[in-house]
Amino acid sequence: MAARIPPRTGVAFKLRQGQTLKVIDVAGEQVSDLLAFSAQDPREYISSGRSIDYASKIFLTRGDALYSNRSRVLLRIIEDTVGRHDFLLTPCSADTFRLIYGDADPHHGCQGNFEKALGPYGITGDQVPVAFNIFMNVTLDGSTGELRVSPPLSKAGDYVVFLAERDLIVALTACSAPQSNNGSFKPIDFELGGIA
Ligand SMILES: [Zn+2]
């Protein structure tokens, strides 16, 4: 049975080695930022740089691995109905909304939701790395490197399934940034599977 993350919020939970995590875009065009930390030692966490380096590409999909800063596979993508996600940009935050959107009274964003959800696990905001931004559609100019945040390609019911290759603490949001979600905020569903 799926659990629901309400718009502009986040959750954290344990995921055991061998378990699967299915992340579902309920309404379509909604990004979900994902973080994973080793349950044994949260100083080990998913690394955008290492994952992109080892895959030799920036768009990860089915079969690709999310490596840690210690070069071990934490999660592997085993199903993906969309095929376009981002692993370059940081979680949206109050500073994102202040600097990019010019908000005077900014929302706390995925960063704030990660801090709230991960606090009980002893993980602080300074330990939040670049998230794997599920369904986020960042397009780029290959010659200048200029980035653009475009509407997600995901439609209602699209999903990604990850397999945990270690015992993990996982955090997941329904992203709060207008640009990333084509201007509206929707929920995200997730399901844990495999061994209990
Ligand atoms: Zn966000």
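Helices (DSSP runs of H or I, at least four residues) and strands (DSSP runs of E, at least two) are numbered from the N terminus. Leu147 lies in strand 9, residues 147–150.

The structure is a predicted model, in which local features need pLDDT of at least 70 and side-chain atom pairs count only at pLDDT 80 or more, while totals for chains, interfaces and linings use all residues. Residues are numbered from 1 along each chain as its sequence is written, and side-chain values use heavy atoms, with hydrogens and water left out.

**Surface patch**

Together with Leu88 and Leu140, Leu147 forms a nonpolar patch on the surface, with about 220 Å² of accessible area in total. Such areas come from the Shrake-Rupley method with a 1.4 Å probe, and for residues only the protein chains shown count as cover. Patches consist of residues with over 30% relative accessible area and no salt bridge; nonpolar side chains (Val, Leu, Ile, Met, Phe, Trp, Tyr) are joined within 5 Å, and like charges within 9 Å. A salt bridge here is a side-chain nitrogen of Lys or Arg within 4 Å of a carboxyl oxygen of Asp or Glu.

**Zinc site**

The zinc ion has the protein donors Cys92 (SG), Cys110 (SG) and Cys175 (SG), at 2.2 to 2.3 Å. Their spacing in sequence is C-x17-C-x64-C. Cys92, in the loop between strand 6 (73–80) and helix 2 (94–99), and Cys175, in the loop between strand 11 (168–173) and strand 12 (188–193), are 83 residues apart, and the pair links distant parts of the chain. Donors are N, O and S atoms within 2.8 Å of the metal (3.2 Å for Na, K and Ca); water is not among the atoms, so sites may look incomplete. Both Cys92 and Cys175 are buried.

**Loop residues**

Buried means under 20% relative accessible area, exposed over 50%, and partly exposed in between (1.4 Å probe, protein chains only). The table lists three loop residues.

| Residue | Loop between | Relative accessible area |
|---|---|---|
| Arg8 | strand 1 (3–5) and strand 2 (10–15) | 24%, partly exposed |
| Asp64 | helix 1 (48–55) and strand 5 (65–67) | 13%, buried |
| Phe135 | strand 7 (132–134) and strand 8 (137–140) | 1%, buried |

Arg8 is not a glycine, yet its phi is positive, about 60°. Phe135 also has a positive phi, near 75°, in a residue other than glycine.

Asp64 touches Lys57, Phe59, Arg76 and Ile77, residues up to four places away in sequence not being counted; contact means heavy atoms within 4.5 Å. From Ala3, Asp64 is 61 residues apart in sequence and 25 Å apart in space, C-alpha to C-alpha.
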